[in-house]
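Hi there,

Here is the structure I promised to pass along. Please have it open while you read, as my notes come right after it.

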Amino acid sequence: MNRGSSALVALIVLLSSGCATVVAGSPTAVGKGGGGEGGQQQPTVPEGPPDRDLRAVTAALRELDACKLFDKSRSEGVKVTAVPTGPHSCLLYPGDDHILNDGMRLEVGADSDQLARFSARPVTIGGFKGYWTHDGDGGESCRVTLPVSHTRAIEMTYRLDGEEDVCDIVLDYAEGTVALLQKPDALKVDPKKRTLASWDGCFLLATVLGDDKLRYEPEGTYDPLSGCYAASVDGSSQDTFKLEVQYDKWDPLGEEKTTVAGKDAAFMDYDTSCAVEWNHGPSGVGDEWFVATAMKLDAPTCEKAKELAEAAEKLIADGAFDKGAKPQRPLLYKPDESDTGTLGACANFAQGADGDCEPFRPDTQLPTGTDALLAAGSSNRHTQCAVFKDAVAEVYGTEFEPITWGAHCLFVEPTGALMITVNVDAENAPAPYGSDPNLYSDRKTTEVEGKAAVTFYNSGKTSYDVYVSPYNDISRAGNVHIGVEAWPARGVGGGTPEVDPAKLTAADEVIAKVVKQYFT
């Protein structure tokens with residue numbers, strides 16, 4: 001399986017820090033389950049929209065011929081060739097020849113969740129929901145994702161070294177793919193001509209392992225749906241297993257040559273695990289680079305790897321693939337449908353599908369008086385949104401929508417380039433915040449509407465925080481807080497955020513309005 005590698009888009013999502021600890025200058029976000037300031041129990045979060053039946057989705061994906069999902073008419077007269085790179089993946093390249101994996105790749109059934117989709121920029125493609133991610137580091141690469149469930153997608157990736165806008169090219173092809181998917185029955189693969197097309201990796205691996213205490217995720221390097229990764233659901237075991245299936249030249253990396261189930265094989269014995277590679281047989285693909293069906297299985301020991309590989313070959317020979325599921329219809333999502341299980345604006349938050357994120361409840365009632373407001377903010381995070389929502393809308397705009405997570409209220413917007421965190425906290429004094437010079441800069445003690453306050457930036461000046469004492473004493477427990485942080489916009493593969501200092505310090509205007517309205 002020593003094919004040359006192609007660039008993958010790096011999706012790096014950093015989660016913002018909040019203000020739930022009194023360790024000097026180290027405000028940190030509180031995780032799932034509420035809690036936070038005062039350790040109060042937060043309101044119960046309703047369940048998000050249910051996912052599609054994964055078995056039905058997988059059945060629909062297995063049926064698709066990945067190469068038929070390319071609309072070759074999009075090439076504008078340039079001859080293009082589509083070649084299967086695995087049972088459920090395809091490579092489109094110009095002309096009659098290609099250099100290894102050079103071209104546009106299409107993968108049916110890629111693993112894709114809320115975190116991955118939040119990293120990408122949402123877009124409507126041919127009337128259906130999609131995402132794209134651009135990476136310009138060391139070449140121009142673009143990935144377009146068409147979600148088909150909360151955790152599965154069809155993905156198209158292309159890399160260019162020139163000046164051409166690669167995302168325009170991939171989005172154009174994706175529009176053609178969306179149009180073709182309106183008639184999925186016309187896109188079915190012929191299993192007699194595409195080896196192992198009736199199988200998906202996780203059904204095969206789960207069947208040979210027979211262990212319902214493992215979680216299974218599609219994770220093939222070049223063909224995600226044909227591969228699978230399995231690990232303990234609850235962490236009770238450190239054993240992991242991984243299956244890879246792809247079309248390739250038969251050129252195994254393992255030095256210990258042998259046979260498995262009568263097939264040419266090679267073992268690679270590592271210190272803590274072992275992998276066996278074997279040649280299942282011809283792929284049915286005429287291209288010399290993809291002529292064999294190369295399989296690889298990683299297990300804790302070589303004995304276990306061999307046992308599982310032999311069991312897999314027996315299942316395949318018996319034709320014991322999943323035959324009972326009715327394919328999902330329709331396959332794509334419309335723009336107004338939830339494809340991640342998030343509630344409302346939680347789709348614009350990296351952890352929006354973790355079960356703890358909830359949009360602000362507009363019927364939240366505010367008590368009167370400083371003590372009562374601080375207590376309510378510590379016990380009900382929606383109170384914090386209610387206190388700040390009007391001021392944030394006036395200063396930053398209504399595109400910033402309030403959500404709650406952990407002990408916080410956050411204001412998020414679709415591009416992900418700026419996030420606002422607010423708190424109304426009865427437990428923690430403002431004084432310790434921002435005091436670590438290794439993490440923060442430009443710390444000042446000041447006043448906001450006559451109330452003592454602390455302001456500071458992080459060391460990179462990509463975030464700005466204001467903590468106000470509603471009691472005019474920064475050493476006394478109780479604070480009203482706003483933090484504004486810039487992030488790389490969604491759809492940009494990593495990189496440095498574009499910081500507008502005026503947008504950061506607009507937090508001063510917001511918190512002044514809040515203090516004047518509620519705490520004077």
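Below is what I found, going from the whole chain to one helix and then to some single residues.

Please keep in mind that this is a predicted model. The protein has 520 residues, and 54% of them count as buried. Its secondary structure comprises eight helices and 22 strands. Looking at contacts with a separation of 6 or more, 62% are between residues 24 or more positions apart.

The part I spent most time on is helix H5, residues 302–318. H5 is 17 residues long and spans 24 Å from its first C-alpha to its last, close to the 24 Å expected at 1.5 Å a residue. Which of its residues are buried? They are Cys302, Ala305, Leu308, Ala309, Ala312, Glu313, Leu315 and Ile316. These residues lie on the same side of H5, because they cover an arc of only 160° around the axis. Glu303, Lys314 and Ala317, on the other side of H5, are exposed. You may like to note that Glu313 is on the buried list, whereas Lys314 is exposed.

What do the buried residues of H5 pack against? Their partners are H4 together with five strands: S10 (240–248), S11 (256–260), S12 (263–269), S13 (274–282) and S14 (292–299). Just after the helix comes Gly319, with a positive phi near 65°.

The pairing of H5 with H4 is worth a view of its own. Two packed helices are described by the angle between their axes and the distance between the axes. For H4 (residues 201–209) and H5, the axes come within 9 Å and cross at roughly 115°, and the crossing is right-handed. From H4, the contact uses Leu204, Thr207, Val208 and Leu209, while H5 brings Leu308, Ala311, Ala312, Leu315 and Ile316. Sorted by class, that makes eight nonpolar residues, one polar and no charged ones.

Helix H6 (residues 370–379) also has a buried set: Thr370, Leu373, Leu374, Ala376, Gly377 and Ser378. Among the elements covering these residues are helix H7 (381–396), strand S18 (418–425), S22 and helix H8 (501–518).

Next, some backbone details to look at. Most residues other than glycine have a negative phi, and most peptide bonds are trans. Leu196 is not a glycine, yet its phi is positive, about 65°. Leu196 sits in the loop between helix H3 (166–180) and H4, and counts as buried because its relative accessibility is 11%, under the 20% cut-off. Asp442, also not a glycine, has a positive phi of about 55°. Asp442 belongs to strand S19 (residues 440–448) and is partly exposed, at 38% relative accessibility. Between Arg329 and Pro330 there is a cis peptide bond, with omega about -10°. Pro330 is in the loop between H5 and strand S15 (358–359).

Two more residues round off my notes. Pro94 is part of strand S2 (residues 89–94) and, leaving aside residues up to four places away in sequence, touches Val78, Lys79 and Val80. Asp473 lies in the loop between strand S21 (463–468) and strand S22 (479–486), and is partly exposed with a relative accessible area of 33%. Asp473 is 44 residues from Ala429 in sequence, with 8.5 Å between their C-alpha atoms.

Happy browsing, and all the best!

Terms used
Residues numbered from 1 in each chain as written. Predicted model: local features only at pLDDT ≥ 70, side-chain atom pairs only at ≥ 80, totals over all residues. Heavy atoms only, no water. Axes fitted to C-alpha atoms, helices over the stretch in contact; angles between N-to-C directions. Helix = DSSP H or I, 4+ residues; strand = E, 2+ residues; numbered from the N terminus. Left-handed = near helix turned anticlockwise from the far one by under 90°. Contact = heavy atoms within 4.5 Å. Nonpolar A, V, L, I, M, F, W, Y, C, P; charged D, E, K, R; others polar. Expected span 1.5 Å × (residues − 1). Buried < 20%, exposed > 50% of the residue type's maximum accessible area, 1.4 Å probe, protein only. Arc of directions from axis to C-beta.
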